[in-house]
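Trainee: I've got a new model open and I'd like to learn how to read it feature by feature. Can we walk through it together?

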Amino acid sequence: MGYFAKSPWVLHYDGSSCNGCDIEVLAALMPKYDIERFGIINTGNPKHADVFLITGSVNTQNIDVIKNIYNQMGEPKVVVAVGACACTGHFFAECYNTLGGVDKVIPVDVYAPGCACRPEAIIDAVVQGLGALEEKKKNIK
Amino acid sequence: MSAFSIVLIILFLILAPILGGFIAGVDRIITARMQGRVGPPVRQPFYDVLKLFGKENLVVNRFHVDYVACSLIFTVLAGAIFFGGANLLLAVFAMIVGGVFIVLAAYCTNSPYALIGAERELLQMLAAEPMILLAPVGLYMATGSFNVYEIAAAQHAPIFHLPGVYIALCYVFTIKLRKSPFDLSTSHHGHQELVKGLTTEFAGPSLAVFEITHWYETIFMLAMLFLFFGSHWFWGIIITVLVYLSEIFIDNINARIKWELMLASAWGITIILGVGNLLVLFFINKL
C-alpha cells in the first residue's frame, strides 16, 4: 500500500445538496467516526486535496465551479459522489435547471448512494477511492 | 571546525526532520484526544509528506519552487550554524531569512488567500522577531559569549539570569509555530476562511518542503529554548518538553485573535519581560 492510501486529503464541495449529506460528511470527521484515524483530513483547498467529495446534483449554476475545482486539483485525484443527488440527480433529475449526477460533468470514481448518505457509506466510499487513487498513481508513472 | 561540531551538524541534518515529524505526530494525537477523538498514528506527518512528494506540483510562478527551496536551505543553515557551535546571532538571522523566503513564495503566486497569508506572516515576523533577536543578546549578557557551545557549557544556567527573556521567548514561540491563538497566516484547518493562507498555492512537493522546513524550524526554536539551561541538560529537556506540551494545550483552548492584539501583546511582553530583564541584568552586572 502506497502513501496515498495512508494520507488522503479530502475536499468537500456542496453542489446543490439539501445539506443532509453535508452533515453526514462532517459527522464522519467528528469524534464518533473520527476519519482522521486513517489520516483523512478535510482540506478546503483543491491544491492540497486528493479526494473530491461532492454532495448534491449538478445544475447550471455550479457546473463551472465543479469543473474549476476539479481542474485545480493536482494529479492523482479521485472523485467521490456522495448521496443519491450526486450519483444520479435523484428527484431533482427532471428539473429544468438540473443536469443530473456529477458524472455528467467530471469523471466519477466512486458512487456512495443514500438519502442522506450514511457516514459509514462515506468512509467506505473514500476507502474504495483510495484503491483508484493508487491505481492512477501507477498509471502516471 | 572540530570533529565534534561536524558530527553534531550531520546528526542535526538527519535527526531534526525525524524528531520534528514525530513531534508533529504527537501534537496531532494529543490534540485529537483533547477533542474526544482517537487521532492519527504518530507516523502520520511522514505519510503526509511522502504522499505530497508523489503529487503533481502545480506552479503558478516560475520562481515559486526556488523560493520554497531557499526557505528550506536557509532554515537548515540556521540549524547547522547553531549545532555547529558558531555564532547564535548569525543562526537567528539565517532563520529569519528562511522565513522571508516563505513570504516571497506566497507573494509570488498572486492568489488573494496567499497574499493575505503572506501579509499576516510578515506581521507575525514583526511581532516575534524582536524577542528572538533579544534572546541571544540576553544569553550573551548572562554567559559572556555568543558562541553556542560556550553558552551550552555554562555552569550557571542562563535561565536564572533571564527568566523574563525565557517567558517572553516562550510567548513568541507560539507565534513562530503558527499555533492558535496566533495561527493568523496559516489558518489551522484548510476549510477555514483563510484556506491555509500562506500555503494556499503550495501544491504537492512544495507543501512537503514547507512542512519539512517547519520541522527544522521547530527543532531550532526548541534547541534555543533548551540553551537557556546551559549545562543542566536534564532539566533543559524536561522543561522544554513541558513548554511544548503547554503550547499544544494553548493551541487547543484558544480561538484566533486579531493581528493588532498579537502585535501589541508580543511587543508589550518583549519590552516588559525581555528588555526589562536585560536592564535589570545590566544594572546587576554594573554593581
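Mentor: Sure. Keep in mind that this is a predicted model. Let's start with helix packing: a packed pair is described by the angle between the two axes and the distance between those axes. In chain A, helix H1 (residues 20-29) packs on helix H4 (residues 119-140) with the axes 9 Å apart and an angle of about 75°.

Trainee: What does that angle make H1(A) relative to H4(A), roughly parallel or roughly perpendicular?

Mentor: Angles of 65 to 115 degrees count as roughly perpendicular, so H1(A) is roughly perpendicular to H4(A).

Trainee: And which residues make the contact?

Mentor: H1(A) brings Glu24(A), Val25(A), Ala27(A) and Ala28(A), while H4(A) brings Pro119(A), Ile122(A) and Ile123(A). By class, that's six nonpolar residues, one charged and no polar.

Trainee: Let's try a pair in the other chain. At what angle do helices H1 and H2 of chain B cross?

Mentor: Roughly 115°, and the axes of H1 (residues 3-34) and H2 (residues 44-53) come within 7 Å. Look for Gly21(B), Ala24(B), Gly25(B) and Arg28(B) on H1(B), facing Gln44(B), Pro45(B) and Phe46(B) on H2(B). This contact divides into three nonpolar, three polar and one charged residue.

Trainee: Next, single helices. How do I read the length of one?

Mentor: Set the span from first to last C-alpha beside the span expected at 1.5 Å a residue. Helix H10 of chain B (residues 259-286) has 28 residues and reaches 39 Å, close to the expected 40 Å. Helix H4 of chain B (residues 88-107), with 20 residues, reaches 29 Å, close to the expected 28 Å.

Trainee: Where is the kink in H10(B) centred?

Mentor: On Thr270(B), with a bend of about 25°. Thr270(B) is also one of the buried residues of H10(B), along with Met262(B), Ala266(B), Ile269(B), Leu273(B), Gly274(B), Asn277(B) and Leu278(B).

Trainee: Which helices do those buried residues pack against?

Mentor: Helix H5 (112-143) and helix H7 (163-176) of chain B. For H4(B), the buried residues include Leu88(B), Val92(B), Met95(B), Gly98(B), Gly99(B), Phe101(B) and Ile102(B). They pack against helix H3 (64-83), H5, helix H6 (148-152) and H8 of chain B.

Trainee: On to the backbone. Which peptide bonds are cis?

Mentor: One joins Cys115(A) and Ala116(A), with omega about -5°. Ala116(A) sits in the loop between strand E7 (110-112) and H4 of chain A. Another cis bond runs from Ser180(B) to Pro181(B), with omega near 5°. You'll find Pro181(B) in the loop between H7 and helix H8 (205-226) of chain B.

Trainee: What does Asn254(B) touch?

Mentor: Leaving out residues up to four places away in sequence, Asn254(B) touches Ser180(B) and Pro181(B). Asn254(B) and Ser180(B) are 74 residues apart in sequence, but their C-alpha atoms are 5.9 Å apart in space. Asn254(B) itself lies in the loop between helix H9 (233-253) and H10 of chain B. Its 14 other C-beta atoms within 10 Å make Asn254(B) partly exposed.

Trainee: What about phi? Which residues should I check for a positive value?

Mentor: Two non-glycines to check are Asp34(A), with phi of about 45°, and His90(A), with phi near 50°. Asp34(A) is in the loop between H1 and strand E2 (41-43) of chain A, and His90(A) is in the loop between helix H3 (84-88) and strand E6 (98-100) of chain A.

Trainee: Why does Asp34(A) count as partly exposed?

Mentor: Because Asp34(A) has 18 C-beta neighbours inside 10 Å, and being buried takes 20 or more. His90(A) is partly exposed too, with 18 such neighbours.

Trainee: Last topic, the interface. How many residues of each chain are in contact?

Mentor: The size of an interface is often given as the accessible area lost when the parts come together. Here we count residues instead: 18 of chain A are in contact with 26 of chain B. The chain A side divides into three nonpolar, eight polar and seven charged residues.

Trainee: Which residues of chain B does Arg37(A) touch?

Mentor: Val38(B), Gly39(B) and Pro40(B). Arg37(A) lies in the loop between H1 and E2 of chain A and is partly exposed, with 15 C-beta neighbours inside 10 Å.

Key: Residues numbered from 1 in each chain as written. Chains lettered and ligands numbered in written order. Predicted model: local features only at pLDDT ≥ 70, side-chain atom pairs only at ≥ 80, totals over all residues. Contact = placed C-beta atoms within 7 Å. Nonpolar A, V, L, I, M, F, W, Y, C, P; charged D, E, K, R; others polar. Axes fitted to C-alpha atoms, helices over the stretch in contact; angles between N-to-C directions. Helix = DSSP H or I, 4+ residues; strand = E, 2+ residues; numbered from the N terminus. Parallel < 35°, antiparallel > 145°, perpendicular 65-115°, else oblique. Expected span 1.5 Å × (residues − 1). Bend = angle between axes of the 7 residues up to and from the residue. Buried ≥ 20, exposed ≤ 12 C-beta atoms within 10 Å, placed from the backbone.
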